[in-house]
Amino acid sequence: MANESLHDPSLTPYGEEQCRTLSDRFPSHDKIDLIVTSPIRRCIYTSLLGFKPALKRGVRVVALPEIQETSDLPCDTGSNLETLSQEFKDQEAVDLALVHEGWNSKKGKWLPTSDAIEARCREARRWLKARPEKEIVVVTHGGLLHYLTEDWTESGKFSGINHHACTNMARFFLKRPTQLITPCF
């Protein structure tokens, strides 16, 4: 059951189970060159638990604030950099270098408005296109995927996007093999 009043919650036991299933069923762990994740804790944990075989090969998990959640609900507002750094200090694969203080303020660039989210997603697409890696997994939020892929099929408030549709759109926009994954809960 969702509790939107919790600030940046971690995965539930059910979410951890979903990650184990993702890890078992994801067909291309051996092809992943990079994992890019929202700095929201449930996305970071989805990256760590869902892609263990890739991490064992040395694949990095880069936290990209531009692909954070689209609302300012407590559950969609990330933890500050100091908290994240402390929590993931023993996770060598997690790279928080692009996360700066204020990324979770929901002010300015980080406002939960269509204009701000569209601008962040343009930045994210440019950043992803410029990456040298061939196969990138993006772990982000269903609502943000509409903005990231510019696909508004089946859209509505708090609705995500069909996994197959978003993966196909990502390949079209980014001109490279890309998998888009929403976090487990």
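**Entry 1: leucine 64**

I began with leucine 64 in this predicted model, and I found the residue buried, with a relative accessible area of 4%. I placed leucine 64 in the loop between E2 and H4. Then I asked what leucine 64 touches, not counting residues up to four places away in sequence. My list reads Val36, Thr37, Ser38, Pro39, Leu98, Ala124 and Trp127. I also checked one long-range pair: leucine 64 and alanine 124 are 60 residues apart in sequence, and their C-alpha atoms are 7.9 Å apart in space.

**Entry 2: the overall layout**

I stepped back to look at the fold. I noted seven helices and five strands in the protein, and along the sequence they run α-β-α-α-β-α-β-α-β-α-α-β. The protein has 185 residues, of which 50% count as buried. For the accessible surface I wrote down about 9400 Å², with 51% belonging to carbon and sulfur atoms. I also looked at contacts between residues at least 6 apart in sequence: 75% of them join residues at least 24 apart.

**Entry 3: the cores**

Which residues have the most contacts inside the largest nonpolar core? I found Ile32, Ile35 and Phe51, in a core of 25 residues. H2, H3 (52-56), E2 (61-63), H4 (81-87) and E4 (136-139) each supply at least two residues of this core, and H2 gives the most, with three. Apart from this core I found another, of 15 residues, with Val36, Leu64, Leu128 and Tyr147 among them. That brought me back to leucine 64, which touches Val36.

I then followed isoleucine 35. Leaving aside neighbours within four places in sequence, isoleucine 35 is in contact with Ser47, Phe51, Leu55, Val59, Arg60, Val61, Val62, Val137 and Val139.

**Entry 4: helix H2**

I kept going with H2, residues 41-50, and found the helix mostly covered, as eight of its ten residues are buried. The buried set is Arg41, Arg42, Cys43, Ile44, Thr46, Ser47, Leu48 and Gly50. I liked seeing two arginines on that list, Arg41 and Arg42.

**Entry 5: valine 59**

Buried or exposed, I wondered, is valine 59? Valine 59 counts as buried because its relative accessibility is 5%, and the cut-off for buried is under 20%. I located valine 59 in the loop between H3 and E2. Beyond neighbours within four places in sequence, valine 59 is in contact with Ile32, Asp33, Leu34, Ile35, Ala54 and Ala93. For the pair with leucine 34, I noted 25 residues of separation in sequence and 5.7 Å in space, C-alpha to C-alpha.

**Entry 6: proline 9 and the cysteines**

Next I turned to proline 9, in the segment before helix H1 (13-25). Proline 9 is buried, with a relative accessible area of 18%. Not counting residues up to four places away in sequence, proline 9 touches Arg41, Arg42 and Cys75. The C-alpha atoms of proline 9 and aspartate 76 are separated by 8.5 Å, with their positions 67 residues apart along the chain.

Cys75 made me look at cysteines. I searched the whole structure and got zero disulfides. Cysteine 75 counts as buried at 10% relative accessibility, and cysteine 19 is buried too, with a relative accessible area of 0%.

**Entry 7: salt bridges**

How many salt bridges are there? I counted eight.

Arginine 60 and aspartate 95 meet through their side chains at 4.0 Å, N to O. Arginine 60 sits in the loop between H3 and E2, aspartate 95 in strand E3 (residues 94-95), 35 residues apart. Arginine 60 is partly exposed at 35% relative accessibility, and aspartate 95 is partly exposed with 23%.

Glutamate 66 pairs with lysine 109, the closest N and O atoms being 2.8 Å apart. This pair links the loop between E2 and H4, where glutamate 66 lies, to the loop between E3 and H5 (114-130), where lysine 109 lies, 43 residues apart. Glutamate 66 is buried, with a relative accessible area of 12%, whereas lysine 109 counts as partly exposed at 34%.

Lysine 109 also forms a salt bridge with glutamate 123, at 3.0 Å between the closest N and O atoms. Glutamate 123 belongs to helix H5, 14 residues from lysine 109, and is partly exposed with a relative accessible area of 32%.

My last note is a network of salt bridges that links Arg42, Glu69 and Asp76. I had met Arg42 before, among the buried residues of H2 and among the contacts of proline 9.

Notes. Residues numbered from 1 in each chain as written. Predicted model: local features only at pLDDT ≥ 70, side-chain atom pairs only at ≥ 80, totals over all residues. Heavy atoms only, no water. Helix = DSSP H or I, 4+ residues; strand = E, 2+ residues; numbered from the N terminus. Buried < 20%, exposed > 50% of the residue type's maximum accessible area, 1.4 Å probe, protein only. Contact = heavy atoms within 4.5 Å. Areas by Shrake-Rupley, 256 points an atom, 1.4 Å probe, with all protein chains shown as cover. Core = buried A, V, L, I, M, F, W, Y, C linked by side-chain atoms within 4.5 Å. Disulfide = S-S within 2.5 Å.
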